[in-house]
Amino acid sequence: MTITLQDVAGILGLPTDGTVVTGSTSEDWHAACAAVFGHVPEAGEFHHSGDLRISFLDRHYTRWTNHEGNHAAEIYFTKAHIARMLGTWLLADKSGGSNFGCRLVPLLGGGFEDIGRFSWGSAVLTHLFRNLCELTDARRTDMGGCHILLQIWAWMRFPPIELSTLTESLWEVDRI
């Protein structure tokens with residue numbers, strides 16, 4: 001028994017077919033961020049791994065009302081919100097959701113229809129499985145991935161045992 005693409009689609013409502021989510025590691029990240037988010041990150045806004053810090057997005061895009069009425073700024077805000085959701089929730093790394101993988105920035109560069117054509121559900125499931133595999137290392141103390149997917153899936157597949165049923169079962173064992 002394992003989490004399937006059907007589970008991801010049902011639980012998170014993400015598309016599981018479409019264009020593969022993959023990205024280059026040799027981009028000009030400052031230019032890519034400027035094109036997608038409308039701002040160029042400062043040197044300290046990149047993590048040593050090359051990921052973009054979520055604090056960059058928070059610094060520029062915290063309140064919708066600051067951008068309301070400016071169509072270009074509203075698009076940047078929405079893309080920043082999608083990036084924040086991907087980095088902190090769906091494709092979270094073991095930093096606790098404080099970074100966003102730069103390789104995903106160019107995927108947000110097109111229109112919203114283009115962003116919706118990616119198989120985000122497949123990416124989320126793959127990322128979760130990779131993190132679960134890495135967690136088998138006894139030295140690991142943290143885990144990335146979509147934790148809420150794992151929790152909801154477990155709750156759906158392993159319904160809570162009612163205390164009365166457990167008590168009756170234990171009572172039967174004691175009588176034998």
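This report describes the nonpolar core, one helix, two pockets and two arginines of a predicted model.

**Core**

The largest nonpolar core holds 40 residues, and those touching the most other members are F37, F100, L108 and W120. Two or more residues come from each of α1 (5–12), α2 (29–37), α3 (54–60), α4, α6 and α7 (147–157). The most is given by α4, with 6 residues. In soluble globular proteins, nonpolar side chains tend to be buried together.

L108 shows how parts distant in sequence meet in this core. Neighbours within four places in sequence aside, L108 is in contact with V36, F37, K79, I82, A83, L86, F100 and I115. Two of these partners, F37 and F100, are themselves among the residues that touch the most other core members.

**Helix α2**

Within α2, the buried residues are W29, A32, C33, V36 and F37. Viewed down the helix axis, these buried residues fall within an arc of 100°, so they line one face of α2. An α-helix has 3.6 residues a turn, so residues three or four places apart point the same way. The buried residues of α2 pack against β1 (52–53), α3, α4 and β2. Just after the helix, G38 takes a positive phi of about 80°.

**Pockets**

Rolling a probe the size of a water molecule over the atoms shows where empty space is left. The two pockets listed here are the largest and the second largest in the model.

| Pocket | Volume | Largest share of lining | Lining by class |
|---|---|---|---|
| Largest | about 590 Å³ | α6, 7 residues | 6 nonpolar, 12 polar, 6 charged residues |
| Second largest | about 170 Å³ | α4, 4 residues | 9 nonpolar, 1 polar, no charged residues |

The largest pocket is lined by 24 residues, and L91, D93, R103, H127 and R130 lie nearest its centre. The elements giving two or more residues to this lining are α4, β2 (99–100) and α6 (120–134).

The second largest pocket is lined by L14, P15, I82, M85, L86, L90, F112, I115, G116 and W120. Two or more of these lining residues come from each of α4 and α5 (112–116). Some residues of this lining also appear in the description of the core: I82, L86 and I115 are among the contacts of L108, and W120 is one of the core residues that touch the most other members.

**Two arginines**

R84 is found in helix α4, which spans residues 71–90. R84 has a relative accessibility of 17% and therefore counts as buried, because the cut-off for buried is under 20%. Not counting residues up to four places away in sequence, R84 touches I54, L57, D58, Y61 and W89.

R130 lies in helix α6. R130 has a relative accessible area of 56% and is therefore exposed, because exposed means over 50%. R130 is also one of the residues nearest the centre of the largest pocket. The C-alpha atoms of R130 and M143 are separated by 9.8 Å, and the two residues are 13 residues apart along the chain.

**Summary**

Helix α4 recurs through this description: α4 gives the most to the largest nonpolar core, provides the largest share of the lining of the second largest pocket, and contains the buried R84. Helix α6 gives the largest share of the lining of the largest pocket and holds the exposed R130.

Definitions and conventions. Residues are numbered from 1 along each chain as its sequence is written. This is a predicted model: local features need pLDDT of at least 70, side-chain atom pairs count only at pLDDT 80 or more; totals for chains, interfaces and linings use all residues. Side-chain values use heavy atoms; hydrogens and water are left out. Buried means under 20% relative accessible area, exposed over 50%, partly exposed in between (1.4 Å probe, protein chains only). Contact means heavy atoms within 4.5 Å. On a 1 Å grid over the protein atoms alone, a cavity is a set of points where a 1.4 Å probe fits but cannot get out, and a pocket is an open set with protein on both sides within 12 Å along at least five of seven lines; lining residues have an atom within 4 Å of a point. Grid points are joined across faces, edges and corners, and a volume is the space filled by probe spheres set on the points. Ala, Val, Leu, Ile, Met, Phe, Trp, Tyr, Cys and Pro count as nonpolar, Asp, Glu, Lys and Arg as charged, and the others, Gly among them, as polar. A nonpolar core is a set of buried Ala, Val, Leu, Ile, Met, Phe, Trp, Tyr and Cys residues joined through side-chain atoms within 4.5 Å. The arc is that of the directions from the helix axis to the C-beta atoms.
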